[in-house]
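Q: Please take one part of this structure and look at it closely. Explain each term as you go, and then say how the rest compares.

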Amino acid sequence: MPTTPVARYGLRGRVVTMDAARTVLTDGVVWVSDGRITDVTPATERPAAHTASPVVATAGTIYPGLVELHNHLAYDTLPLFRIPRLYTKREEWQGTRGYRRYVSGPAGVIGSVPELIRATIRYVECKSLIAGTTTSQGITLRAAPIKHLYRGIVRNAEVPDAPDLDPARPKIGDVTPDDRESFRKSLSGKGARIVHLAEGLSTSEGAHQHFLDLEAPDGTWAIGPKFVGIHAAALTADDLAVLATHAGSIVWSPFSNLALYGGTTDIASAMQLGIKVALGSDWSPTASKNLLHELKVARIHSDDRQIGLTDQQLVEMVTRTPAHILGWQQALGSIEPTKLADITVVKGRTGDPYRHLVDAVESDIRLVIVGGVARYGTPALLARLSPVDENVDIAGSTRALHLDTADPDPVLGPITLGEAASLLADALEHMPERAAAIGSVDLGLVAGRALAGTEADERWYLDLDQPPVAGIGPTLSEGTAPALLDLVVGAESFASIAVPLRLDPLATEGDDAFFQMLANLANLPEAVRSGLPGRYGEAPRTPTEGLGLPDDDVSIAPLPLEELLTRPGDLTLDERRLIVDQELSRGRAELKAPEFVVRRHGTRGGNSRVIALNLL
């Protein structure tokens, strides 16, 4: 086993290049040098520059690394929960006690406790990696006036760490009429603008209005070639024609849409109109664990609705197409000379090369390479190319990781995947106790002077990109601990409704609890409920009585802003005013009194200047 990653080598196997001609080499070699692909040849040929390079026989099919353009990584430790009824738009389910109980509340606790912040970063990145994902929406560390961008193992769409890749620019919330013009101007800049777009049903006036808000009074649209709409599920065929006319793109998350709303994007019309479509797994609480999972749901949905998507088109949605959407087609998305060596290898070399990837499960992933560095794979293959830092069990198969734990990011620290999983599992199992004790522990990750420009007492939090409850901004610009935002939610604390949870496993394969919950997702078409288990060698389960709690669908509302300023709690006066200012700027309400006299309450983990950690 090498002590440092091997820089020059060849990978032998069936090669699915995803180039313009969709070339497939039955027995080929992908030659890599210093992070880039230098040649792709038949196995009988060896380039002169690689005379001394070792050739690793993968016994598999070699694909470009999978590219994911929509995943709320900060929430991917949380398991799939029971959806109590059919919803028509995002604001409905995000305004319920169940959402607070199973999603935003636990995420707030995890995002506030130092060791859990570190554990989350490690765990969710590995969760992407073990399914062959080499690029995802990323992890960003922020603080005014500095900005440190976390560069981990998986390539970060917002911080791609290569000079020929323009960073993506996500905007999690829908575009409103107030920010439409500034958003439209931003479309002329570099990098894709990835924005949530009309999540819900086209019959929902609220969901559909989010699309209509992109049209200015003069008839111009805040859509262009850099525009990337996540979900776009409430768009009609006419709306999609507008999107196509302005060269916009879509990120499609069918499992999440179907589970919540019973419907999804009109993908048949989108494809007929020539709109570029990529797949995104969204997040684990209501959707897929990874792109391998999402590929299967897309396959089942296309067959069930007779949409006619081919396996090649589906593979394009996780390789070539998202690279084009990002404007990265010259560097990623296919296996060609000069491109970055982001590679995924799947067990086996027979059968249709595209169906081979669509059918693959996590234990079929034999090797994952990012930027020429082998990061994950079978112990035998990884040990040929990189040091092995850790072994892990994936659905009964041993896999190895090269995580750079000896030289980690200064904020992450030397934490292993096993350590991360143990910490998170214990915290989730004891969530009621952890929530009740949140005011008695120091909150926020102290980075010290590990990062240039930081101060010794600065604290970092997971800057969650979803609201604690509908009607409230997801986080404060100054980085208040997410667990302290209980005060703005309403009369009840999260601790009063919290329940024990389990850590969502790394893989769908072998996750018995997932398949049991799948049987209870009544909004899903029967084709998905009964067909998805078989794709993982499982039998469909029988629905279980008594899952969830009777009050999961009870609506909860944010505290009136006037009451927020005077009610006792853990937030300081400055923090309360920040919330009020933020919500006023979002048009939530108007305050009737110009001034308030408020008693100051101490903060937990107490520094006024903090740094926020983005996991988008």
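A: Helices (H or I, at least four residues) and strands (E, at least two) are DSSP runs, numbered from the N terminus, and two strands pair if DSSP finds at least two bridges between them. This is a predicted model, in which local features need pLDDT of at least 70 and side-chain atom pairs count only at pLDDT 80 or more, while totals for chains, interfaces and linings use all residues. Residues are numbered from 1 along each chain as its sequence is written, and side-chain values use heavy atoms, with hydrogens and water left out.

The part to look at is a sheet. It is open and has nine strands, in the order E3-E2-E1-E4-E15-E16-E17-E19-E18, with mixed pairing. Strand E3 (36–42) and strand E18 (390–394) are its edges, and each of them pairs on one side only. On average, neighbouring strands of this sheet are turned by 35° against each other, direction ignored.

Now follow the order from E4 through E15, E16 and E17 to E19. Strand E4 (residues 55–64) is joined to E15 by five bridges and pairs with E15 in the antiparallel sense. In this pairing, threonine 344 of E15 has tyrosine 63 opposite. Strand E15 (residues 343–347) also pairs with strand E16 (residues 365–370), again antiparallel, over four bridges. Here isoleucine 343 faces isoleucine 369 of E16. Four of the five residues of E15 are buried (under 20% relative accessible area, with a 1.4 Å probe and protein chains only; over 50% is exposed, and in between is partly exposed), so E15 is largely enclosed by the rest of the structure.

E16 and E17 are antiparallel and are joined by four bridges. One opposite pair is valine 370 and valine 373, the latter in E17. E16 and E17 make a hairpin with two residues between the strands, and glycine 371 takes a positive phi near 60° in this hairpin. In strand E17 (residues 373–377), five of the five residues are buried, so the strand is largely enclosed by the rest of the structure. E17 also runs antiparallel to strand E19 (residues 397–401), with two bridges joining them. Glycine 377 has alanine 400 of E19 as its bridge partner.

What of the rest of the protein? Its secondary structure comes to 20 helices and 22 strands. The protein has 616 residues, of which 59% count as buried. Of its contacts (heavy atoms within 4.5 Å) with a separation of 6 or more, 71% are between residues 24 or more positions apart.

Helix H7 (residues 254–261) can be set beside E17: eight of its eight residues are buried, so H7 is largely enclosed by the rest of the structure. Among these buried residues of H7 are Pro254, Phe255, Leu258 and Tyr261. Glycine 262, just after H7, takes a positive phi of about 75°.

Two helix pairs complete the picture. Helix H3 (residues 114–129) packs on helix H14 (residues 417–429) at an angle of about 120°, and their axes (lines fitted to C-alpha atoms over the stretch in contact, with angles from 0 to 180 degrees between N-to-C directions) are 8 Å apart. H3 and H14 are therefore oblique to each other, because angles under 35 degrees count as roughly parallel, over 145 as roughly antiparallel, 65 to 115 as roughly perpendicular and the rest as oblique. The contact includes Leu116, Ala119 and Tyr123 of H3 and Leu417, Ala420 and Leu424 of H14. By class, this contact of H3 with H14 has 10 nonpolar (Ala, Val, Leu, Ile, Met, Phe, Trp, Tyr, Cys and Pro), two charged (Asp, Glu, Lys and Arg) and one polar residue (the others, Gly among them).

Helix H9 (residues 291–304) and helix H18 (residues 526–535) have axes 10 Å apart and pack at an angle of about 130°. That angle makes H9 oblique to H18. Residues in the contact include His293, Val297 and Ile300 of H9 and Val528, Gly531 and Leu532 of H18. By class, the contact of H9 with H18 has five nonpolar, two polar and five charged residues.
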